[in-house]
Amino acid sequence: MRHELFPTPVWHIEGTPQQLVDELYKGAYQFKELYSDTIPRSNQGGYQTPTLDWNKFHPQGIEYIDKIVGDMFKFKVESWWYNINGEGHWNIPHSHPGVDLALVLYVTDSDGLLAFMNPNYRRILTCGEVGDHVAINAKKGDIVIFPADLVHYVLPNPKEEDRISISMNLQLC
């Protein structure tokens, strides 16, 4: 008998309203103009806004996130920010210390470039075992929620078009 001990939950939610996604797309470049002199965090190339207060998020976005996530957890958004990765830009392996969950809302397709490190990976594996990382292929408008201490990274964007997402740090109440 095999037991799955200490599994890591990752939630993948589809269906953010297209109008909201379109408005968030426009907002990415407006915020980039407002906060053009930010210091890089996990991004290599590309751009991240500073972490922002929840009250600066799109009003309909607040309502939508509160409903979708609130149906699963009692939570508070501690901070949020835009990620804009141009061609060849990526994010180094990192986690989100001091909070419970991380959330990513994809404003463009992820192209399967969000990768999670397997916290239980061991070099000695039998054939067919899970390897050192797992990638999630989120589409435009999808939301991915995962434990904030799960190490993750974003592979380089192979396209000329910007890959845009919004990240959030969530605290459970």
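# A walk through two sheets, a pocket and some salt bridges

Let's start at a pocket: strand S11 gives the most to the lining of the second largest pocket, with five residues. Keep in mind as you look around that this is a predicted model. The pocket has a volume of about 340 Å³. Its lining is made up of 24 residues, and the closest to the centre are Gln 48, Trp 81, Asn 83, His 94 and Ser 167. S11 has company here, too: S4, S5, S6, S10 and S11 each supply at least two lining residues.

Those strand names are worth sorting out, so let's turn to the sheets. One of them is an open sheet of six strands, and if you walk across it you pass S1, S9, S6, S11, S4 and S3 in that order, with antiparallel pairing. At the edges stand S1 (11-13) and S3 (47-48); each has a single partner strand, so one side of each is left without a neighbour in the sheet. Further in, S6 and S11 run antiparallel and are joined by six bridges. If you want a spot to look at, find Leu 105, which stands opposite Ile 166 in S11.

Two helices lie across this six-stranded sheet. Helix H1 lies across S3, S4 (75-85), S6 and S11, and runs at about 80° to S4. Helix H2 (residues 59-70) lies across S1, S4, S6, S9 and S11, and its angle to S4 is about 115°.

Now for the other sheet. Here five strands form an open sheet in the order S2-S5-S10-S7-S8, again with antiparallel pairing. Its edge strands are S2 (43-44) and S8, each pairing on one side only. Starting from the S2 edge, you find S2 paired with S5 (residues 90-94) in the antiparallel sense over two bridges. Asn 43 has Asn 91 in S5 as its bridge partner.

Over towards the S8 edge, S7 is a handy strand to follow. On one hand, S7 pairs with S8 in the antiparallel sense over four bridges. On the other, three bridges join S7 to S10, and these two strands run antiparallel as well. You can see both pairings from a single residue, Ala 115: its bridge partner in S8 is Ala 135, and its bridge partner in S10 is Tyr 153.

With the sheets in place, we can look at charged side chains. How many salt bridges does a search of the whole structure find? The search finds four, and we'll visit some of them.

One is formed by the side chains of Asp 22 and Lys 140, with 3.9 Å from N to O. Asp 22 lies in helix H1 (residues 18-34) and Lys 140 in the loop between S8 (133-136) and S9 (143-147), so the pair ties together parts that are 118 residues apart in sequence. Are these side chains tucked away? Neither residue counts as buried, because buried means under 20% relative accessible area: Asp 22 is partly exposed at 33%, and Lys 140 is partly exposed at 41%.

Another salt bridge joins Glu 78 and Lys 76, whose closest N and O atoms are 3.9 Å apart. Glu 78 is partly exposed, with a relative accessible area of 35%, and Lys 76 is partly exposed too, with 47%.

Then there is Asp 111, whose side chain meets that of Lys 159 in a salt bridge (3.1 Å, N to O). Asp 111 lies in the loop between S6 (101-106) and S7 (114-117), while Lys 159 lies in the loop between S10 (152-154) and S11 (163-172), so this pair ties together parts that are 48 residues apart in sequence. Asp 111 is partly exposed, with 29% relative accessibility, and Lys 159 is partly exposed at 37%.

It's worth staying with Asp 111 for a moment. Which residues does Asp 111 touch, not counting those up to four places away in sequence? They are Asn 137, Ala 138 and Lys 159. Leu 155 is 44 residues away from Asp 111 along the chain, and the C-alpha atoms of the two are separated by 9.6 Å.

Conventions:
Residues are numbered from 1 along each chain as its sequence is written. This is a predicted model: local features need pLDDT of at least 70, side-chain atom pairs count only at pLDDT 80 or more; totals for chains, interfaces and linings use all residues. Side-chain values use heavy atoms; hydrogens and water are left out. Buried means under 20% relative accessible area, exposed over 50%, partly exposed in between (1.4 Å probe, protein chains only). Two strands pair if DSSP finds at least two bridges between them. Contact means heavy atoms within 4.5 Å. Axes are lines fitted to C-alpha atoms, for helices over the stretch in contact, and angles run from 0 to 180 degrees between N-to-C directions. On a 1 Å grid over the protein atoms alone, a cavity is a set of points where a 1.4 Å probe fits but cannot get out, and a pocket is an open set with protein on both sides within 12 Å along at least five of seven lines; lining residues have an atom within 4 Å of a point. Grid points are joined across faces, edges and corners, and a volume is the space filled by probe spheres set on the points.
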